[in-house]
Amino acid sequence: MTMLSNATAAPAPYYSQGLRARFNIDRIRLEQAADDARLNGGKYADIEYDVDEAKYRARSAARVKAGGLPTSVPAGWPAKLSGPLVWTSTSFPSEDQYVYHLTPSDKTEILSALAFFKSHNLDSQKVTKYLFPLPNLGPILSGICNDIYFGKGFHIVRGLNPDDYPLADLTTIYLGLSSYVASRRGRQDQRGSMLIHVMQRGDHSAESTLHDNIYSSDKPFHTDTVTDTLCLFTQELASSGGRSIFASAWTVYNELAATRPDLIHTLASPDWPFDTYGRDPPFYRRALMYFHDDHLITSFSRRLLVGHAPFTPRSKAIPGLTEAQAEALDAVHFIARKHEIKPRMERGDIRFVNNLGLLHRREAFENVQGTRPRHLVRIWLNNDEGMCWNLPRPLRLAWARVFDDDFEEPGREKRGRYWDYAPLRHPVTGRVLNTGGSCD
């Protein structure tokens, strides 16, 4: 098992040489440097990771009072979106509309598929839908795939009991089931972690206690930045709270288009500075919202835009957000809160979320000492069989870095793929070393 390392001789390259050449990144960096020299005069908005409603309301009122804001959506963008991705908190009165309950025959079929896969003597991460044959359940999962990409954008597969299987078999099962939705799995951090264990650190040091208290608080709406389907396997529940909450970015867009179309201009502007946290380059710029090939795509991590103090504060000497950007970022959050849905969670749930069309957040939770702590396993999925929406160029670069690139640099170790079936822990303290905070 490979442990995480903090030792680096120089900033790690965020893009490989191959990606820099393929996407002409060095030219773009020169152009952005020229832009940065004239933007803003170094004056940036006062905004943090935790959403401050009073600051948001004051900022919004001040900008509206100042006037001069665009009164229509950007040219070529729709005045209103329609379709199954436009929904609100009252659109699904029954959870049966988005939960598939595994039947006894489904579970028998899963065991048969597991036996077939194990007969090939392969590691769990090698599983594909062809090596995990599900003649009856497979078409149902394919229907769920269609619902993710061209329906309401989320679905839950329920009924697995994590205690029924050894860890390697359990990993094979949730990866095998997810392969019917999307087969490619992406690296989720600079190390190359393919499975991220979303959980508290768990040791009792003062630093970890502070970290875990901050970590378990409410999280604002965001996306996971670099995946078309976010997959979350629920291995353990919190003692209380901790639900994953969804909202439609298409519904948010419609409200912005009707009330504050100027903020759509801001969200669509390609000048948002994303922190790479000590890598080279130290930041990159792109938009948060795109209208591309008749699809609205929203992609951002709040942490990469404003930091998350005290453990991952925004890097020094890189641009912050403008007042317009700060207002737009918070507006997305508050509008999403109005229309959010809060599905129940059960152990063994596999959640699939369209990460291009939906936003998600997590409510605060508590783990009671002596019980098993909240523990989700996160997987970044890409469907390369015609289901993933066509992506604009900046996102094609991001997807290539996560799903394609082998990241081999002269004099540097090749970027790996690490499949940690269980959380990496410090050998002495037991602290969980990679707790899922990064969206890379």
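Strand β9, residues 283-286, is covered on both of its faces: Phe283 and Arg285 lie on one side, Tyr284 and Arg286 on the other, and all of them are buried. In a regular strand, side chains alternate between the two faces of the sheet. The structure described here is a predicted model. Strand β9 runs antiparallel to strand β8, residues 272-275, and four bridges join the two. Within this pairing, Asp275 stands opposite Phe283 of β9.

The surroundings of this strand pair may be followed back along the chain. Ser269 is placed in the loop between α9 and β8. With a relative accessible area of 22%, Ser269 is partly exposed, because the limit for a buried residue is under 20%. Leaving aside neighbours within four places in sequence, Ser269 is in contact with Arg286 and Ala287; Arg286 is one of the buried residues of β9. The side chain of Ser269 also forms a polar contact of 3.0 Å with the side chain of Asp271. Asn254, by comparison, is 15 residues from Ser269 in sequence, and the C-alpha atoms of the two are 18 Å apart in space.

On the other side of this loop is helix α9, residues 261-268, which is mostly covered, with six of its eight residues buried. The buried residues are Pro261, Asp262, Leu263, Ile264, Thr266 and Leu267. Their packing partners are α3, α8 (249-259), β8, β10 (289-292) and α11. Two of these elements, α3 and α11, are taken up next.

Helix α11 covers residues 323-339, and its 17 residues should span 24 Å at 1.5 Å a residue; the end C-alpha atoms are 25 Å apart, which agrees. This helix is mostly covered as well, since 14 of its 17 residues are buried.

Helix α3, residues 53-66, contains Ser60, and Arg59 lies in the helix too. Arg59 counts as buried, at 8% relative accessibility. Not counting residues up to four places away in sequence, Arg59 touches Ala45, Asp46, Glu323, Ala326, Glu327 and Asp330. Ser60 likewise counts as buried, at 13% relative accessibility. With the same exclusion of sequence neighbours, Ser60 touches Arg260 and Glu327. Glu327 is thus a contact of both Arg59 and Ser60. A further distance helps to place Ser60: Asp294 is 234 residues away along the chain, and the C-alpha atoms of the two are separated by 30 Å.

Another enclosed element is strand β14, residues 350-354. Five of its five residues are buried, so the strand is largely enclosed by the rest of the structure. Ile350, Phe352 and Asn354 point one way from β14, whereas Arg351 and Val353 point the other way. Two strands are paired with β14. Strand β2, residues 154-158, runs antiparallel to β14 and is joined to it by four bridges; in this pairing Ile156 has Arg351 as its bridge partner. Strand β5, residues 229-236, is also antiparallel to β14, with five bridges between them, and here Phe233 stands opposite Ile350.

Strand β17, residues 375-382, contains Arg378. Is this residue buried or exposed? Arg378 is buried, with a relative accessible area of 4%. Its side chain is joined to that of Gln188 by a polar contact of 2.6 Å.

The description may now be widened to the annotated region and the chain. An unreviewed UniProt entry carries the annotation "domain: TauD/TfdA-like" for residues 142-380. Over residues 142-380 the chain is 30% helix and 26% strand, and the end C-alpha atoms are 18 Å apart.

The chain has twelve helices and 17 strands. Along its principal axes, the C-alpha trace spans about 65 × 55 × 45 Å. A compact globule of 440 residues would have a radius of gyration near 22 Å, and the chain has 22 Å, which agrees. Buried residues make up 56% of the 440 residues. Among contacts between residues at least 6 apart in sequence, 82% join residues at least 24 apart.

Methods
Residues numbered from 1 in each chain as written. Predicted model: local features only at pLDDT ≥ 70, side-chain atom pairs only at ≥ 80, totals over all residues. Heavy atoms only, no water. Buried < 20%, exposed > 50% of the residue type's maximum accessible area, 1.4 Å probe, protein only. Pairing = 2+ DSSP bridges. Polar contact = N/O pair within 3.5 Å; in protein donor to acceptor, adjacent residues only side chain to side chain. Contact = heavy atoms within 4.5 Å. Expected span 1.5 Å × (residues − 1). UniProt positions renumbered as here; feature names shortened; annotations may be inferred. Rg over C-alpha atoms; globule rule 2.2 N^0.38 Å.
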